[in-house]
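Let's take a walk through this structure together. Keep the viewer open and follow along, and we'll go from the open spaces inward.

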Amino acid sequence: MKTYILDVECYSNFWMTMFKEIGSSATHTFELYDGCELDKSALSDLMRNNTTISFNGNNYDLYMIEAALQGFSNNDIKELSDKIILSGKPSWMIGNAAGVEIPRNAYSKLLWNHIDLIDVAPGQASLKIYGGRLNAPKMQDLPIEPDALISPEQRDLLRTYCLNDLETTELLFNALRKEIKLRAEMSKQYRVDLRSKGGSQVAKAVLQSELQGQGVSIKKPRSRVGERFKYTDPGFIEFNSPALQAAFDRVKAATFKVRENGQVALPEELDEAIDFAGAKYKFGIGGLHSQEKKQSVVCDDNHILAERDVASMYPNIILGQNLHPKSLGLTFVDVYRNIVERRLKAKREGDKSTSESLKLVINSSFGLAGSKYAFLYSPELMIQVTITGQLALLMLIERTEAVGAKVVSANTDGVVSLCPKDRYAALEEACFDWEMQTGLELEETRYSDLYSRDVNSYIAVKPDGSVKGKGAFAAPNLMKNPQFVIVNEALYAYLSKGTPIAQTINACSDVTKFLMVRSVTGGAVWGDDYLGKAVRFYYSKDLGDDDCIRYANNGNKVPMSDAARPMMQLADSVPNDVDRQRYIHIANDCLKDFGLWP
């Protein structure tokens, strides 16, 4: 059995599906058009006897392939394609109406051994954007509009385009191998195919299996729109300062309301900043946030700069208060506790596979409490957990300040403080008392410096010289579009080692680090050239501000693209016209955002 990436191209007079073998240049192409009969037998054999990989195949490509195997004409396949893409209805519903179903056996497992990457990949981006994040050699949008009639000369163009999509999908598959392997191992344990599922989908499947094993009936969640409820005091929250006590009183008096989308709005009375010890903090549905901007904290020999994160905050709050969706009863707590304890046991024993799989379930399950479509839907649970976490952090902040340390940042599940060394033992004792009172556990990470544009975007330097970037300053990953990576690397080197900004940028010979990737609604153009809905570019010293990338539909400038030159085909080296001075200027502006320069 081999593993292939597959993709489909569909027009009213031309249909094709191409397969590329993983790790090889070998391809198989099947086509249907006037004068070319589809080789159904070979296509069916390939689908049934190999593992196939796609991006959104479960919702599109597999239906197209099955329709072609059933003998649909080009026009009929195109009509099915348009309905799936344009109707807004689930693909399975469109497919059922057309008599097209993906081959499955009695256990609802695909006879076609297929893995779809779209939900496994983080961030819900397009394949083209993932390609940009992975530095794909070529970013290319569909070269021929979907309703065109394809001439014989254009078939090669579509074959080339399809192959590029296959190569991009293979890049994404390789980047997700660890996640897919983890899901494959879990699939064996729970006897359901989890390989194509996102984290919340995996959590849903596992918890549903565990609950049903305990005799719990899984029901469709009822509508909660318009319902109102209050936060319940868990009994361990207490404050000494008037400002924080007043904030706690506002929380207890507030009424939370379920909106039309099933989510909960933050009451207006909680949407005001809390002034405490010279800093401001704000509640949020997602977590507590301090409000600092342009802040630089440099630790000297007489202080300790450290972040204390609450370990597994949300799961431990759920278990500590025996919280559960009303429809599932206390059995949910027993099942959830068992999963958490099994994960901790596996982690202690070095069983990495079990530990990681259960960690995925635990971390992904909480979001289901806020989804009106999930059987775990429970607005009360979600608010009880998040508000308890925020109040607990405020308790930690108050006690940190009380021993003479200074809180410099707080965000969701962590607090960063600058503590005089002679007060550190008192801070440790205060933190221990907080842990005993809340039932939560703190984990410490020490820093030597912290440079913040705001609470969500900062660079922290550790005592060993290593760097942690968050938000705009995070290292490249599948969740984040590249935005001139060389700028962040120059900042890291300057802030951790004192390396001049210009030295890092001028020495860089990696073209990918000078690039930005952006999504462009409606597509972008460069002069008369259509670029597509995902663009990649760099700043050129040979261009002026009017030489920009523009929206195809209205001619407006794409943000941050002034004096930018597209690089949809990745160059082998840094072009001579790269405006290195501009990147130096951008990095220096970031230093101003940290408050380091006026």
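**A walk from pockets to cores**

One thing before we set off: this is a predicted model. With that said, let's begin at the pockets.

The largest pocket has a volume of about 1,500 Å³. To find its centre, look for Asn58, Arg104, Asp193, Ser196 and Lys197, the closest of the 41 residues that line it. Which elements give two or more residues to this lining? They are α2 (57-69), α4 (91-97), β5 (114-116), α7 (177-190) and α8. Of these, α8 makes the largest contribution, 8 residues. As for chemistry, the lining of the largest pocket splits into 15 nonpolar, 15 polar and 11 charged residues.

Now move to the second largest pocket, which holds about 1,200 Å³ of space. Here 33 residues form the lining, and Ile85, Lys128, Asp141, Leu142 and Tyr161 are the ones closest to the centre. At least two lining residues come from each of β1 (3-11), α2, α3 (74-86), α5 (127-133), α6 (152-175) and β21 (529-539). The top contributor is β1, with 6 residues. Sorted by class, the lining of the second largest pocket has 17 nonpolar, 5 polar and 11 charged residues. If α2 sounds familiar, that's fair: it also gives two or more residues to the lining of the largest pocket.

Next come the closed spaces. How many cavities of 30 Å³ or more does the structure hold? There are 2. Take the second largest cavity to begin with, at about 50 Å³. Its lining consists of Leu127, Lys128, Gly131, Ala136, Lys138, Met139, Gln140, Asn164, Asp165 and Thr168, and the elements supplying two or more of these residues are α5 and α6. That lining is a mix of 3 nonpolar, 4 polar and 3 charged residues. Lys128 is one of the residues here, and Lys128 is also among those closest to the centre of the second largest pocket.

The largest cavity, with a volume of about 70 Å³, has a lining of another kind of make-up: 8 nonpolar residues, 1 polar and no charged ones. You'll find Ile318, Pro325, Phe332, Tyr336, Ser365, Phe366, Ala369, Leu376 and Leu381 around it.

Phe332 and Tyr336 are a handy lead to our next stop, since both are buried residues of α11. This helix covers residues 331-348, 18 in total, and spans 26 Å from first C-alpha to last, close to the 26 Å expected at 1.5 Å a residue. Its buried residues are Phe332, Val333, Val335, Tyr336, Ile339, Val340, Arg343 and Ala346. To make sense of that spacing, recall that an α-helix has 3.6 residues a turn, so residues three or four places apart point the same way. What do the buried residues of α11 pack against? Their partners are α8 (199-213), α10 (313-320) and α12 (352-365). Just past the end of α11, Gly350 has a positive phi of about 80°.

Glycine isn't alone in taking positive phi here. Most residues other than glycine have a negative phi, and most peptide bonds are trans. Asn322, in the loop between α10 and α11, has a phi near 55°. Asn322 is partly exposed, with a relative accessible area of 38%. Lys294 also has a positive phi, near 45°, but this residue sits in a strand, β12 (residues 293-298). Is Lys294 buried or exposed? Lys294 is exposed, at 54% relative accessible area.

Let's finish in the interior. In soluble globular proteins, nonpolar side chains tend to be buried together. The largest nonpolar core has 82 residues, and the members touching the most others are Phe256, Tyr281, Phe283, Leu391, Leu394 and Ile397. Helix α13 (residues 379-402) supplies the largest share of this core, 12 residues. Zoom in on Ile397: beyond its neighbours within four places in sequence, Ile397 contacts Phe276, Tyr281, Leu288, Val407, Ala410 and Val415. Apart from this core lies another, of 69 residues, including Leu158, Cys162, Leu478 and Met567.

Methods
Residues numbered from 1 in each chain as written. Heavy atoms only, no water. Helix = DSSP H or I, 4+ residues; strand = E, 2+ residues; numbered from the N terminus. Expected span 1.5 Å × (residues − 1). Buried < 20%, exposed > 50% of the residue type's maximum accessible area, 1.4 Å probe, protein only. Contact = heavy atoms within 4.5 Å. 1 Å grid on protein atoms, 1.4 Å probe; cavity = no way out; pocket = protein on both sides within 12 Å on 5 of 7 lines; lining within 4 Å. Points joined across faces, edges and corners; volume = space filled by probe spheres on them. Nonpolar A, V, L, I, M, F, W, Y, C, P; charged D, E, K, R; others polar. Core = buried A, V, L, I, M, F, W, Y, C linked by side-chain atoms within 4.5 Å.
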